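Dear colleague,

I am passing on the structure that you asked to look at, with the sequence alongside. Please open both before reading the notes underneath.

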Amino acid sequence: MIDLLIRDALVVDGSGAEPVRGDVAVAAGRIVGVGPRLEVAARRVVEAAGLALMPGIVDSHTHFDAQITWDPTLSPSTALGVTTAVIGNCGFTIAPCRPADRERTMRNLTQVEGMSIAALRSGIDWGFETFPEYLAQLRASGSVANVAAYVGHSSVRTWVMGDDANKRAATAEEIARMQQIVREAMAAGAVGFASSTSPAHNGEGGLPMPSRLAADDEMAALVGAMGEGGHGVYMLTKGGHTPMPFLESLAASTGRPVMVAALLHNSVNPDAVWQDLGAIAAANGRGHRMLGQVSCCPLSMDFTLASPYPVEGLASWKPALGLSGAALETVLADPDFRDAVRAELATPTTFRLFNSEWHKVQVVETARTDLRRFEQRSIAEIAAERGLDPLDAMLDLALDDGLATVFTAMLLNSDEEAVGRMLNDRYSIVSLSDAGAHLTFFNDAGFGLHLLGHWSRDRGAMSLAEAVRRLTSHPAGVFGFERRGLLREGWAADLLLFDPKTVGRGPKRRVHDLPAGAARLTTDAIGVHGVWVNGRQVADANGLLADAPRAGELLTRFTN
Ligand SMILES: [Zn+2]
């Protein structure tokens, strides 16, 4: 008697092959049969009646490092079909971390990834100091989905350099110590090494995140240490000043894949992303493995001027970074500050989150009732009506409203023709949900369902079989997840049962369920009928099961 038989499903097996009607049998967490009609007795039979069955989604860009210590369900991702999450992207991890650095680490995460400091303080279970101890804690506590963890550059740097981590380049001796930590993390089961050189990544007080202070020799030494054992993916969220040839040289010298984020389409500078993808294709042509993380979601963010993530990467915004209250209001009102911001926005650059597309910035809600007339209107419109420059119009409104006005900005990746081409690029990887981070700004944890519904079904940008391959066997192969990502006999029974006619992600909504009652945006699945992790059901048509089992495995051995 086997555990589970899913009968009469449209089997989309993850390989890209044409879907076929059939049955899938599961025992002891593994697929034990795939075929047109399996005559086996099962403890549980699910009549799929033509619903589609695919391998569970691999989310290669998440930030659940902190959340997983208080929320083993990885909400909301598991209910959205994700059965394996890669954590530690951009190098913003919580391990290794000495007790003395915990407060600093949490404050940095608050700034860079929009996580509530109160939630982090009351939520994180700090039962570890080193990276191997962190993995041991994750293994002991378990999680609903499978997890693979990067060792993060900023945490490694803070461990070795303390207060100086976000202030200066490292010495040769410090680099050697960092290499040792990376080696130990890889030996303990890290999936790779993650870092960031992006100017958008600022920590407490507006100081750059530690990895941004790394010189090329440090980056090369640490990626080298990662690759010594013959496995590992190097993940980098790249600033415009980090040249692709340097990254290709790391792929060449280590033989390891280099995964570059965040390749988002910018309507104001549309060539940049094609140049990056072109450089990646050329590198592959020379035998150097590189991939670009692309997103199937338009990047829009909700923000207030008290914490305006979209503009915090501007050099001219520096005087305002880390300030609050009256001090911040003084800077935002200063005409010289405003002129400097305007001048910078008028200068072309390779990557910038916000690009003066004022018609794509809207007022969501105001705190003062007499300002409500501006709600649901664009800054371009409000500025024209008031005869003001748009930046002045936005800042004046926010200042009048005690900096409580909520704005939403459609920043990048909104040109669907271009994004469709990026999603189909041979060397792109569909990613960038940022699940677990930016919790009050946006929520793209449902990216996989969006690819299936919006891009495959509604827009026909790719076949269903190809969309499924992009979400499953493709990323699983890049990371070397052993026997995951395909519906094959002997492979892990990570499964997603869904209705291809309705599948999608629901609208974002605000909930207050984080530790200390902090708010986040979440989104519900549409058209999902069941999610299984290692053969155990964790979600059904109503979402995550109330008693969802901790069926996930901590992935620490890789075939790549
Ligand atoms: Zn990230």
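The notes below go through the sheets, the metal site, the cysteines and two helical regions. Please keep in mind throughout that this is a predicted model.

I begin with the sheet of 8 strands, which is open, has the order 6-7-8-9-10-11-12-16 and is paired in the parallel sense. Strand 6 (57–59) and strand 16 (428–430) are its edge strands, and each has a single partner, so one side of each is left without a neighbour in the sheet. From one strand to the next the twist averages 25°. Strand 6 is joined to strand 7 (residues 82–87) by 3 bridges in the parallel sense, and within this pair valine 58 is placed opposite threonine 84 of strand 7. Two helices that pack on this sheet may be worth finding in your viewer: helix 3 (residues 131–141) touches strand 7 and strand 8 (146–152), with its direction at about 165° to that of strand 8, while helix 14 (residues 447–458) touches strand 6 and strand 16, with its direction at about 125° to that of strand 6.

The zinc ion comes next. Its protein donors are His61 (NE2), His63 (NE2), Cys90 (SG) and Asp434 (OD), which lie 2.0 to 2.6 Å from the ion. Along the chain these donors follow the spacing H-x1-H-x26-C-x343-D. Histidine 61 belongs to the loop between strand 6 and strand 7, and cysteine 90 to the loop between strand 7 and helix 1 (102–113), so this pair ties together parts that are 29 residues apart in sequence. Both histidine 61 and cysteine 90 are buried, the relative accessible area of cysteine 90 being 3%. The angles among the 4 donor atoms run from 77 to 170°, and the site is irregular.

As for the cysteines, the structure holds 0 disulfides. Cysteine 297, for instance, is in no disulfide, and the nearest cysteine sulfur, which belongs to cysteine 296, is 4.2 Å away. Cysteine 297 is also buried, with a relative accessible area of 1%.

There is also an open sheet of 3 strands, in the order 13-15-14 and with antiparallel pairing. Here strand 13 (299–303) and strand 14 (361–365) stand at the edges with a single partner strand each, so one side of each is left without a neighbour in the sheet. Strand 14 pairs with strand 15 (residues 406–412) over 4 bridges in the antiparallel sense, and valine 361 stands opposite alanine 409 in strand 15. Helix 12 (residues 390–400) lies across strand 13, strand 14 and strand 15, and runs at about 150° to strand 15.

Finally, the two helical regions. The buried residues of helix 7 (residues 244–254) include Met244, Phe246 and Leu247, and the buried residues of this helix pack against helix 6 (216–227), strand 10 (233–237), strand 11 (258–263), helix 8 (271–285) and strand 12 (290–294). Just after helix 7, glycine 255 has a positive phi of about 70°. Alanine 467, in helix 15 (residues 464–471), counts as buried at 0% relative accessibility. Leaving aside neighbours within four places in sequence, alanine 467 is in contact with Leu451, Leu452, Ser456 and Met462; between alanine 467 and leucine 451, which are 16 residues apart in sequence, the C-alpha to C-alpha distance is 6.6 Å.

With best wishes

Conventions. Residues numbered from 1 in each chain as written. Predicted model: local features only at pLDDT ≥ 70, side-chain atom pairs only at ≥ 80, totals over all residues. Heavy atoms only, no water. Pairing = 2+ DSSP bridges. Axes fitted to C-alpha atoms, helices over the stretch in contact; angles between N-to-C directions. Contact = heavy atoms within 4.5 Å. Donors = N, O, S within 2.8 Å, 3.2 Å for Na, K, Ca; no water. Tetrahedral: all angles 85-135°; square planar, octahedral: opposite > 155°, others 65-115°. Buried < 20%, exposed > 50% of the residue type's maximum accessible area, 1.4 Å probe, protein only. Disulfide = S-S within 2.5 Å.
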